Amino acid sequence: MDILDKIIANKRLEVARQKAAVPLVQMLHSEEWRLHAPTVSMRKALESSASGIISEFKRRSPSKGWLHPQATIDDIVPGYEKGGASACSILTDSDFFGGSFGDLKRARSLTKLPLLRKDFIIDEYQLYQARVLGADAVLLIAASLTKEECESFAGIAHQLELEVLLEIHNEKEFAYFTENIDMLGVNNRNLGTFHTDVENSFRMIERMKAETGEGRKAPVFVSESGISDTKIIKSLRDAGYRGFLIGETFMKTADPGATVAEFVRELRHG
């Protein structure tokens with residue numbers, strides 16, 4: 001069993017416990033007002049941004065261990081916004097990434113940036129969770145879903161006024177792309193082995209353009225993981241990417257917000 005298999009097996013148990021504790025009907029009844037709160041378009045934020053940085057709040061990872069164990073949303077997310085990030089990704093998985101629902105809810109109260117709920121979505125229940133916690137977008141990972149599940153979840157997300165970032169790692173997963181995908185992300189990290197290779201984004205880009213077409217409905221392309229300096233971002237932008245999801249590079253520093261600010265300055269003036 002590889003790392004992704006372990007995460008998904010654990011996630012199924014976790015979601016089953018959550019549904020038993022707070023059934024969907026109960027959650028929707030108690031949090032109904034949150035379903036009508038306005039959302040912020042992550043897609044538009046990336047399209048209009050000169051940097052396209054999606055700063056991630058992540059305390060740990062399965063491959064690197066603890067990055068910033070004492071990190072708090074209050075200390076970091078406002079710094080991300082002040083530093084010039086275009087959007088923010090919040091890890092809500094607890095067992096493998098050290099996140100929580102409270103992190104996402106708190107982030108919503110502290111920033112106007114579009115928020116991505118980053119987790120391993122395997123049940124539509126989690127989409128409703130994301131909406132009531134304050135997310136503007138959700139991550140769907142092709143490697144952890146069937147094509148039918150992905151299509152269904154993307155449709156439900158849009159009904160909830162959530163945008164969808166579809167994450168793929170190889171060309172076979174292009175089959176998961178549908179009209180309800182707002183952003184198409186290439187994960188440079190293999191979720192089975194957690195080996196990271198940024199060249200994966202460059203290998204995939206021409207096929208992405210060919211598969212998704214151009215024009216109003218074409219998704220925004222996002223490169224995820226392994227991005228460690230602004231030279232890589234510039235090269236990826238030249239290739240056609242407009243979003244750059246960066247977590248460890250920021251979270252392993254003493255002041256993640258200041259690190260984001262330095263990246264943004266270099267992208268604007270370098």
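Q: What percentage of the 270 residues in the protein chain is made up of buried residues?
A: In this predicted model, buried residues make up 56% of the 270 residues in the protein chain. To earn that label, a residue must have under 20% relative accessible area.

Q: What makes the radius of gyration of the protein chain agree with that of a compact globule?
A: Set the two values side by side. A compact globule with 270 residues would have a radius of gyration near 18 Å, and the protein chain has 17 Å, so the two agree. The C-alpha trace spans about 50 × 40 × 40 Å along its principal axes.

Q: Which helices and strands should I look for, and how many are there?
A: The protein chain has eleven helices and ten strands. One of the helices is H1, residues 3-21, and one of the strands is E1, residues 53-57.

Q: What share of the contacts comes from residues 24 or more positions apart?
A: Take the contacts in the protein chain with a separation of 6 or more: residues 24 or more positions apart account for 68% of them. Here a contact means heavy atoms within 4.5 Å.

Q: Why is glutamate 56 called buried?
A: The cut-off for buried is under 20% relative accessible area. Glutamate 56 is at 1%, so it counts as buried. You can find glutamate 56 in strand E1. Leaving aside neighbours within four places in sequence, glutamate 56 is in contact with Tyr80, Ser89, Leu91, Lys118, Leu245, Ile246, Gly247 and Met251. Glutamate 56 and serine 100 are 44 residues apart in sequence, and their C-alpha atoms are 14 Å apart in space.

Q: Why is glutamate 171 called partly exposed?
A: Partly exposed is the class between under 20% and over 50%. Glutamate 171 has a relative accessible area of 38%, so it is partly exposed. Its place is in the loop between E7 and strand E8 (183-187). Not counting residues up to four places away in sequence, glutamate 171 touches Met204 and Arg207.

Q: Is serine 30 buried, exposed or partly exposed, and how do you know?
A: Exposed would need over 50%, and buried would need under 20%. Serine 30 is at 46%, so it counts as partly exposed. Look for serine 30 in helix H2, residues 24-30. The C-alpha atoms of serine 30 and alanine 154 are separated by 24 Å, with the two positions 124 residues apart along the chain.

Q: Why is isoleucine 3 called partly exposed?
A: The limit for buried is under 20%. Isoleucine 3 has a relative accessible area of 23%, so it is partly exposed. Isoleucine 3 is found in helix H1.

Q: What is notable about phi of serine 225, and is this residue buried or exposed?
A: Phi of serine 225 is near 80°, a positive value in a residue other than glycine. Most residues other than glycine have a negative phi. With a relative accessible area of 8%, serine 225 is under the 20% limit and is therefore buried. Serine 225 lies in the loop between strand E9 (220-224) and helix H9 (230-239).

Q: Where is glutamate 161, and what is its phi?
A: Glutamate 161 has its place in the loop between helix H7 (147-159) and strand E7 (163-168). Phi of glutamate 161 is near 65°, again a positive value in a residue other than glycine.

Q: Which residues have the most contacts inside the largest nonpolar core?
A: They are Ile90, Leu140, Leu166, Met208 and Tyr241, in a core of 83 residues. Helix H6 (residues 124-133) gives the most to this core, with six residues. Try following Leu140: leaving out residues up to four places away in sequence, leucine 140 touches residues including Ile121, Phe153, Val164 and Leu166.

Q: How far apart are the mean positions of the positive and negative charges?
A: The protein chain has 35 positive and 39 negative charges, and their mean positions are 3 Å apart.

Q: What share of the exposed area do carbon and sulfur atoms supply?
A: The protein chain exposes about 11900 Å², and carbon and sulfur atoms supply 51% of it.

Methods. Residues numbered from 1 in each chain as written. Predicted model: local features only at pLDDT ≥ 70, side-chain atom pairs only at ≥ 80, totals over all residues. Heavy atoms only, no water. Helix = DSSP H or I, 4+ residues; strand = E, 2+ residues; numbered from the N terminus. Rg over C-alpha atoms; globule rule 2.2 N^0.38 Å. Buried < 20%, exposed > 50% of the residue type's maximum accessible area, 1.4 Å probe, protein only. Areas by Shrake-Rupley, 256 points an atom, 1.4 Å probe, with all protein chains shown as cover. Lys, Arg positive; Asp, Glu negative; His and termini not counted. Charge placed at Lys NZ, Arg CZ, Asp CG, Glu CD. Core = buried A, V, L, I, M, F, W, Y, C linked by side-chain atoms within 4.5 Å.
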